[in-house]
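Trainee: Please pick one part of this model and take me through it closely. I'd like the cut-offs spelled out as you go.

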Amino acid sequence: MPTVIEPFRIKAVEPLRMTTPEERRRILEAADWNLFRVAAEDILIDLLTDSGTGAMSAQQWAGIMRGDESYAGARSWYRFRDRVRELTGFDHIIPTHQGRAAERILFSCLGVRDRVVVSNTHFDTTRANVEFLGGRALDLPTPEALRPGEIHPFKGNIDLQALVDVLDDDAIDVACVILTITNNSGGGQPASLANIRAASEISRSRAVPFFLDACRFAENAYFIKLREEGYADRSVESIARETFSLADGATFSAKKDGLANIGGFLGSNDDRLAEQEEALLILTEGFPTYGGMAGRDLEAIAVGLREVVEEDYLRYRTASVAYLGNGLAAAGYPIVQPPGGHAIYIDAGAFLPDIPPRAFPAHALACALYLEGGIRSVEIGTLMFGGTDPATGEERTAPLELLRLAVPRRVYTKSHIDYVLEVARAVAERREGVSGYRIVEEPAQLRHFTARLAPLA
Ligand SMILES: *Cc1c(COP(=O)(O)O)cnc(C)c1O
């Protein structure tokens, strides 16, 4: 049958609260025009993030009850460790409370001060952790990644020639290469195994450690199966294992393809590095058999890491995200093509050409979608990545002004997405009335989370 259905039925429901347009205007104004400051109860369809917002399965909830909360050597720890090791093959598995804790521990132990970390595109917390520790985060996306409308199967690739040039430049001290799969900030686009393998060989042959930011490894592996020659008959599990085998380690947020609401890990094959990482883990996260998690979280992730590689699930997952993307494109929105694995990225710079990057066109569109229909989305542009460059002191703008509509895993049905498309069509009809924004107050790091803004008109 051509219809790809949700491969599950619903066992527990959570009511949504409706609001009126007048209420939403008051709510957004009181939140200083920053959707991160709006209470979730005041949101109808929350596409802010796919991180930690997924619905757990009956098996995962059963795991929650089985959770062993022993401080040291809990049963749940062994179940978690064994599944992570089976999937990734890493010698050392270091449990953290979420992905950014793994990043902080990795970059602290590698030593990134006055050095460079190279990526296809750093995610915002990854970049912030590198910069906070005094390093420079350098993005080398494949050139197609900067052409949003162009269809290319692997826009998450790293630019291999640029990587060689950077690694061979004696003036640049590279601490590590970290490839983000799928490339979240670059449109949720996958990297091919050929690209990952080449990047790994280029890095390792120059004695530079090669890591994966593997938050969406299953979505990446499924795209490889669909799009890369030679992988159509391979299981997602085996493609994922091959991917991990090319890396010296990985950071992982279990809030994405862990199908859990919290958790993460840091994997490593370097004994000496892992020893330092464990020491820092004990100091700041917890004992090495639970890290920053409860035993029940370890159980939920161990189960989630099996469910996420099921191909019925991944077929539904990618089809439902593509349905949103194709509907938005049909409504006249320029989107990053092709649709990504976890989210649709609208090229708001192209959709609202009269609003310059410094007036945050993607943020303006986010506010318009909320005011129109209670939808929450997130700017991935100059509000998120702009501000003062700590290395050069220059005011920077993002390469693209994107608005991300991220789809939580196993949460919304097709009619929820149809509603989102209706709201988007209504906003598209009135786009001339959408104005830009200015920042009234901002923090030094990760300003988009807490900044206070105001409309320009
Ligand atoms: C979510 C995410 C992180 C950070 O993980 P948290 O669990 O939110 O700390 C890092 N990298 C990418 C690509 C992500 O999507």
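Mentor: What follows is a look at one sheet and its helices, then at a few side chains.

This is a predicted model, so local features need pLDDT of at least 70 and side-chain atom pairs count only at pLDDT 80 or more, while totals for chains, interfaces and linings use all residues. Residues are numbered from 1 along each chain as its sequence is written, and side-chain values use heavy atoms, with hydrogens and water left out.

Start with the open sheet: three strands in the order β9-β14-β11, with antiparallel pairing. (Strands are DSSP runs of E, at least two residues, and helices are runs of H or I, at least four, numbered from the N terminus; two strands pair if DSSP finds at least two bridges between them.) At the edges sit β9 (343-347) and β11 (378-380), each pairing on one side only. From one strand to the next, the twist averages 35 degrees. β11 is joined to β14 (residues 402-406) by three bridges, the two running antiparallel. Across that pair, glutamate 379 stands opposite leucine 403 in β14.

Now add helix α12 (residues 311-330), which lies across β9 and β14 and runs at about 20 degrees to β9. (Axes are lines fitted to C-alpha atoms, for helices over the stretch in contact, with angles from 0 to 180 degrees between N-to-C directions.) α12 also meets helix α8 (residues 217-227): their axes come within 10 Å and cross at roughly 90 degrees. That makes α8 roughly perpendicular to α12, a label for angles of 65 to 115 degrees. On the α8 side the contact (heavy atoms within 4.5 Å) is made by Ala218, Glu219, Tyr222, Phe223 and Lys225, and on the α12 side by Glu311, Leu314, Arg315, Arg317 and Thr318. Those residues divide into four nonpolar, one polar and five charged.

Elsewhere, phenylalanine 107 is found in helix α4 (residues 99-110). At 1% relative accessibility, phenylalanine 107 counts as buried, meaning under 20% relative accessible area with a 1.4 Å probe, protein chains only. Leaving aside neighbours within four places in sequence, phenylalanine 107 has contacts that include Val112, Leu133, Cys176 and Ile178.

That brings us to the cysteines. The structure holds zero disulfides, a disulfide being a pair of cysteine sulfur atoms within 2.5 Å. For cysteine 176, the nearest cysteine sulfur, that of cysteine 109, is 12 Å away. Cysteine 176 counts as buried, at 0% relative accessibility.

Definitions and conventions: Angles under 35 degrees count as roughly parallel, over 145 as roughly antiparallel, 65 to 115 as roughly perpendicular and the rest as oblique. Ala, Val, Leu, Ile, Met, Phe, Trp, Tyr, Cys and Pro count as nonpolar, Asp, Glu, Lys and Arg as charged, and the others, Gly among them, as polar. Buried means under 20% relative accessible area, exposed over 50%, partly exposed in between (1.4 Å probe, protein chains only).
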